[in-house]
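User: Hey, got a minute to walk through this one with me? I'd like to go over how the pieces pack together.

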Amino acid sequence: MENGKGFWNRLKAGWYRKGLEYSTLPDIAVSYILSRTGDSNTFLDVGAGCGTLAIPLALAGKKVTALDSSPAMMDILEEEIIRGGLKGVKPVRAAWGVVEIKPHDVVLCANVPALLTEPQGFLRDAARLARKAVFLIENADPNSDKFYYRELYPLLFNRPFGQRSDYFKTYTALHEMGIFANVEIMEYDFDQPFDDIKEAVEFWKEYLGIVTGEHDGKLREFLEKKLIRKKGMLLAKFHKKAAIMWWRQAKGKRP
């Protein structure tokens with residue numbers, strides 16, 4: 001669930017799952033969450049994708065409802081559940097607000113900008129479903145790069161790459177609602193592996209929405225200089241910053 005309906009096709013979902021093998025995000029984020037929710041057992045992961053946080057939470061002994069509307073992502077999640085024999089993850093194939101969800105100890109939502117375009121509605125509903133705490137993870141820098149776009153947009157499209165969505169809008173909305181969230185900036189790696197340069201070119205064409213071959217030469221030349229060869233693969237290295245916003249619910253008081 002990202003950037004609207006239909007964003008995650010099987011191709012992108014597969015690449016994301018492949019990238020998780022080279023990412024420090026699950027370990028860092030889950031460690032942070034667990035250290036602040038020792039008294040919690042049930043978690044609702046909104047926009048769970050292929051289980052980035054849901055699977056490690058379940059491996060830590062938690063019961064997780066993994067909600068996502070992407071068939072491609074949920075197919076991968078269900079394959080991972082079967083492969084790992086996981087009992088603690090319950091996949092729910094639905095968009096937020098479409099199906100009835102019971103309250104959980106903790107509600108978390110990581111990197112789902114579509115839900116936070118107008119954050120107040122989602123934040124109120126998420127807070128109502130959280131008995132103990134809410135965790136939100138968002139990009140921490142509106143000027144941050146994505147997939148080398150700050151170099152590629154001028155090269156391919158003769159225009160700059162614009163600003164990205166940032167956590168501050170969500171934090172301001174929380175403040176206006178009387179929720180004074182804790183905020184910590186988390187840094188993590190999310191490197192993307194490729195079998196060969198052909199796959200890498202396909203990856204960038206898919207994400208950039210390029211359907212013709214007019215930019216293939218420039219893309220290939222750029223990526224051959226940018227990607228790192230490691231253990232027989234090509235690796236695109238990305239270092240990211242995200243804000244973790246979280247708060248504990250006051251007893252008897254949910255918005």
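User: Let's start with α6 and α8: at what angle do their axes cross?
Analyst: Keep in mind that this is a predicted model. The axis of α6 (residues 149-157) and the axis of α8 (residues 197-208) cross at roughly 80 degrees, and they come within 13 Å. That makes α6 roughly perpendicular to α8, since angles of 65 to 115 degrees count as such.

User: OK, and which residues meet there?
Analyst: On the α6 side you have Tyr149, Leu152, Tyr153, Leu156 and Phe157. From α8, Trp204, Tyr207 and Leu208 meet them.

User: What packs against α6 and α8?
Analyst: The buried residues of α9 do. Helix α9 covers residues 216-226, and Leu219, Phe222 and Leu223 are buried in that helix. Looking down the axis of α9, these buried residues fall within an arc of 95 degrees, so they line one face of the helix.

User: Is there some general reason for spacings like that?
Analyst: Yes, an α-helix has 3.6 residues a turn, so residues three or four places apart point the same way.

User: Switching to α5, which residues are buried there?
Analyst: In α5 (residues 119-129), the buried ones are Pro119, Phe122, Leu123, Ala126, Ala127 and Leu129. Their arc, seen down the axis of α5, is within 160 degrees, so they also line one face of the helix.

User: And what covers them?
Analyst: The cover includes four strands and a helix: β1 (42-46), β4 (104-110), β5 (130-139) and β10 (239-248), plus α7 (167-176).

User: You mentioned β10. How many bridges join β5 to β10?
Analyst: Seven, and the two strands run antiparallel. One pair to look at is Phe135, which stands opposite Trp246 in β10.

User: What about β6 and β10, how many bridges there?
Analyst: Eight bridges join β6 (residues 182-189) to β10, and they run antiparallel. Within that pairing, Glu184 has Ile244 in β10 as its bridge partner.

User: Now the three-stranded sheet: what's the strand order?
Analyst: The order is β7-β9-β8, in an open sheet with antiparallel pairing. At the edges are β7 (192-194) and β8 (228-230), each pairing on one side only. From one strand to the next, the twist averages 35 degrees.

User: How many bridges are there between β7 and β9?
Analyst: Three, in the antiparallel sense, with β9 spanning residues 233-236. Pro193 has Leu235 in β9 as its bridge partner.

User: Which strands does α1 lie across?
Analyst: Helix α1 lies across β7 and β9, and it runs at about 110 degrees to β7.

User: Last topic, Ser23. Where does it lie?
Analyst: Ser23 is in the loop between α1 (10-20) and α2 (25-34).

User: Is Ser23 buried or exposed?
Analyst: Buried: its relative accessible area is 12%, and buried means under 20%.

User: What does its side chain reach?
Analyst: The Ser23 side chain reaches the backbone nitrogen of Leu25 at 3.0 Å. A polar atom of that side chain also lies 3.2 Å from the backbone oxygen of Asp189.

User: Which residues does Ser23 touch, if I skip those up to four places away in sequence?
Analyst: Then the list is Tyr188, Asp189 and Phe190. So for Ser23 you've got a buried residue with a relative accessible area of 12%, and Asp189 turns up both as a touching residue and through its backbone oxygen at 3.2 Å.

Conventions:
Residues numbered from 1 in each chain as written. Predicted model: local features only at pLDDT ≥ 70, side-chain atom pairs only at ≥ 80, totals over all residues. Heavy atoms only, no water. Buried < 20%, exposed > 50% of the residue type's maximum accessible area, 1.4 Å probe, protein only. Polar contact = N/O pair within 3.5 Å; in protein donor to acceptor, adjacent residues only side chain to side chain. Contact = heavy atoms within 4.5 Å. Pairing = 2+ DSSP bridges. Axes fitted to C-alpha atoms, helices over the stretch in contact; angles between N-to-C directions. Arc of directions from axis to C-beta. Parallel < 35°, antiparallel > 145°, perpendicular 65-115°, else oblique.
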